[in-house]
Amino acid sequence: MNRVLVEEEWIPPPDSPPPPHTSDELKLIQPGRLYIKCIRGESIRRKDDRNEKTSLNPSIRLTLAPSCSYPLQQTSTLQQGTNENPDFHNEILHFDIQNPHDYVTNSNDMRLKVELLDKPQLQHEILGQVEISIVRFLASKNSNFTVSYHTERLPLLQPGDSSSNSFIVLELSFIPVHEGILNITLLECKNLQNVESEEAPNEIMCTVEIDEASSKDSQPIMEKTINPKFSPNGEDIFLEVNRGNWFNEVGFTVSGNVTTGPKIMIGQGTQPLLPIMGKFSKWNFLGDESGELPPGEKKLIPLKRVEDGKEFTVGAAMASFKFLLAGHLTATHIHSSLDNPVISKSSSLQLH
């Protein structure tokens, strides 16, 4: 059976409110990262404001579950003088949801509270708010195969109002996280600074880590050059991705050893793990016609170093990334003989 890689999809705003979620959907909720892109407000006015022109200083505040004890995020505040249709410049906020059922309310729902704030003086004033269920974003049956982008045009209500002409436009997407193995192929470093002088290190290496337990050093490169290569085809490093680190970034530390003296740190950089996991998780579930893992995704990671309180770019590291999903491998052994034409035996192995 041929298997096809499902692409990302964009889902426009619904013509009517979505139907209530079912208890079965709650069972499908997975850990992951919920992204909210803040796009714009429409027809925003202060209550009882009769001025023809509205001057605002707005921001958006998001709370996961309607309680002050749960995490919240807030956009940058727009400058004074914004009109009634504020543009939030597609600023992206996110929530890392490690244990989704910690956020389920007594009514078996997961809620996102959206507030539009104005700061005319020292304190914020709430211009309008709305709460929406986010179960349908986190519990999609296809969430293992594709990333869906849902655009929501939400009415903003003020206390005592039952209807509103003010709206906030957001785009929501969710990337589930998985356990597995991250395969990093170190290819080369580019334009490293201060590595060709007499005082420069006589060998260069790269440490890659997701956390303290998932960390590994490369083999040293025995040459003084600004563009050292990790062997002709690159060097493979494998790191475990688990519940304790799957929201982390992948850290790269390029350093050098000298004949006498301690190791010298040349520069450091990071690469987000979640986008790589999302891309290759789709292949792990669906595969393709060949059954072979697709080529790794190449990334150029800028390397920086801080000296005297100032940050400097000191080169870059080139690496390729693949994510191998943990799961179960089932093998069936089939044996035939004259007395027993077909005998089969299956065994299962859990892969981490």
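Which residues touch the most other members of the largest nonpolar core? In this predicted model, they turn out to be Leu-182, Ile-184, Leu-186, Val-208 and Phe-252, out of 35 residues in that core. Quite a few elements chip in: β10 (180-190), β11 (203-209), β13 (235-241), β14 (249-257), α3 (274-286), β16 (297-307) and β17 (310-325) each supply at least two residues. Of these, β17 gives the most, with five residues. A second core sits apart from this one and holds 34 residues, including Ile-36, Cys-38, Tyr-103 and Ala-139.

Ile-184 gives a feel for the surroundings in the largest core. Leaving aside neighbours within four places in sequence, Ile-184 is in contact with Val-208, Phe-252, Ala-319 and Phe-321, among others; the list also includes Glu-235 and Asp-236.

As for aromatics, the structure holds two aromatic pairs. One is Trp-246 with Phe-247, edge-to-face at 6.4 Å centre to centre and 75° between the planes; both residues are buried. Another edge-to-face pair is made by Phe-252 and Phe-321, with 6.1 Å between centres and 85° between planes. This pair ties together distant parts of the chain, as Phe-252 belongs to strand β14 and Phe-321 to strand β17, 69 residues apart. Phe-252 has a relative accessible area of 1%, so it counts as buried, and Phe-321 is buried too, at 0%.

Then there is Glu-42, in strand β2 (residues 32-42). With a relative accessible area of 15%, Glu-42 is buried because the cut-off is 20%. The Glu-42 side chain makes a polar contact of 2.8 Å with that of Arg-153. Arg-153 in turn lies over the face of Phe-167, 3.8 Å from the ring centre, and Phe-167 is itself among the residues that Glu-42 touches.

Note on methods: Residues numbered from 1 in each chain as written. Predicted model: local features only at pLDDT ≥ 70, side-chain atom pairs only at ≥ 80, totals over all residues. Heavy atoms only, no water. Core = buried A, V, L, I, M, F, W, Y, C linked by side-chain atoms within 4.5 Å. Buried < 20%, exposed > 50% of the residue type's maximum accessible area, 1.4 Å probe, protein only. Helix = DSSP H or I, 4+ residues; strand = E, 2+ residues; numbered from the N terminus. Contact = heavy atoms within 4.5 Å. Polar contact = N/O pair within 3.5 Å; in protein donor to acceptor, adjacent residues only side chain to side chain. Phe/Tyr/Trp six-rings, centres within 6.5 Å; stacked < 30°, edge-to-face > 60°. Lys NZ or Arg CZ within 6 Å of the ring centre and 35° of its normal.
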